[in-house]
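Let's take a walk through this structure together, starting with the overall plan and then stopping at a few places worth a look. Keep the picture in view as you read.

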Amino acid sequence: MRRFWVLPAVALLMGCEALSPALKYEAAARQLRFSLDRVEPRIELAFPLEQSRLRLRLGVGVDNPTEQRLRTRRVAGNLRLNAQGGDHALGAVSFPEGADLAPKGRSVLKVDVALGYSDLKTAWGPLSGAVLRHEPATWSLAGEARFEVLGIEFGVPFRTSKGSGS
């Protein structure tokens, strides 16, 4: 009968982390800090206008202040532009490769995105102002980084932004 009480007593004394190391990784992942380091937009005008495109090169920095090495499975989010007094959805962005996040280190996720005029009709004026005339604008990315540790999958939400223009 005494053996039956040993395991719960050990779990109580050592905590849940002793029974599930994945909790330690999940806690570390929640401490990550994301930053929108680079937004390099380029408008490619074409005739007819419907064939025009917006090309974006994005760099998202990820600081890992913990002692845990983490590996993302997928990072994705929604890109927005706040310009000319309005907030405009530009589309979904997905970083195709996972990232190895070294302990006490910094990693940069990079992606190139091409968006067509038909996807951006309502935001075309503010976009051209921000990109061609360098008007003040704020780019923002809100999304989720997905991890899998010891067969347990979890996500960590993030939100970051970067101002541009004069």
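**A guided walk through the fold**

Let's begin at a single residue in a turn of the chain: K104 sits in the loop between β5 and β6. Please keep in mind that this is a predicted model. The backbone of K104 has a positive phi of about 55 degrees, although K104 is not a glycine. Is K104 buried or exposed? With a relative accessible area of 55%, K104 is exposed.

Now step back to take in the whole chain. It holds 4 helices and 8 strands. If you follow the sequence from its start, these elements come in the pattern α-α-β-β-β-β-β-β-α-α-β-β. The chain has 166 residues, and 38% of them count as buried. Its exposed surface comes to about 9,900 Å², with carbon and sulfur atoms supplying 53% of that area. Contacts also reach across the sequence: among those between residues at least 6 apart, 68% join residues at least 24 apart.

Next, let's go inside. In soluble globular proteins, nonpolar side chains tend to be buried together. Here, the largest nonpolar core has 43 residues. Which residues have the most contacts inside this core? They are L90, W139 and F147. Strand β7, which covers residues 137-149, gives the most to the core, with 6 residues. L90 is a good place to look around. Apart from neighbours within four places in sequence, L90 is in contact with L79, R80, L81, L115, L120, A123, L127 and W139. So you can find W139 twice on this tour: as a contact of L90, and as one of the residues with the most contacts in the core.

L127, another contact of L90, leads us to helix α4, where L127 is one of the buried residues. Helix α4 spans residues 124-132, and because 7 of its 9 residues are buried, the helix is largely enclosed by the rest of the structure. The buried residues are W124, P126, L127, S128, G129, A130 and V131. What do they pack against? Their partners are β1, β2, β3, β4, α3 (117-120) and β7. Just past the end of α4, H134 takes a positive phi of about 55 degrees.

The aromatic rings are our next stop. A search of the whole structure finds 3 aromatic pairs. One of them brings F34 and F158 together in a stacked arrangement, 4.4 Å centre to centre and with 15 degrees between the planes. F34 belongs to strand β1 (residues 33-44) and F158 to strand β8 (residues 152-164), so this pair ties together parts that are 124 residues apart in sequence. Both F34 and F158 are buried. Another stacked pair is made by F147 and F154, with 5.5 Å between the ring centres and 20 degrees between the planes. F147 is buried, with a relative accessible area of 1%, and F154 counts as buried too, at 6% relative accessibility.

From the rings, let's move to an open space. The largest pocket contains about 150 Å³ of space. Its lining is made up of E40, R42, R55, L56, R57, D112, V113 and A114. Which strands each supply at least two residues of this lining? They are β1, β2 (53-64) and β6 (105-116).

Finally, a few loops deserve a visit. In the loop between β1 and β2 you will find P48, and the peptide bond from F47 to P48 is cis, with omega near 0 degrees. Further along, Q84 lies in the loop between β3 (70-83) and β4. The phi of Q84 is near 50 degrees, a positive value in a residue other than glycine.

Our last stop is A99, in the loop between β4 (86-95) and β5 (100-101). A99 is buried, with a relative accessible area of 7%. Setting aside neighbours within four places in sequence, A99 is in contact with L70, R71, T72 and L109. A99 and L109 are 10 residues apart along the chain, and their C-alpha atoms are separated by 7.0 Å.

Terms used:
Residues numbered from 1 in each chain as written. Predicted model: local features only at pLDDT ≥ 70, side-chain atom pairs only at ≥ 80, totals over all residues. Heavy atoms only, no water. Buried < 20%, exposed > 50% of the residue type's maximum accessible area, 1.4 Å probe, protein only. Contact = heavy atoms within 4.5 Å. Phe/Tyr/Trp six-rings, centres within 6.5 Å; stacked < 30°, edge-to-face > 60°. Areas by Shrake-Rupley, 256 points an atom, 1.4 Å probe, with all protein chains shown as cover. Core = buried A, V, L, I, M, F, W, Y, C linked by side-chain atoms within 4.5 Å. 1 Å grid on protein atoms, 1.4 Å probe; cavity = no way out; pocket = protein on both sides within 12 Å on 5 of 7 lines; lining within 4 Å. Points joined across faces, edges and corners; volume = space filled by probe spheres on them.
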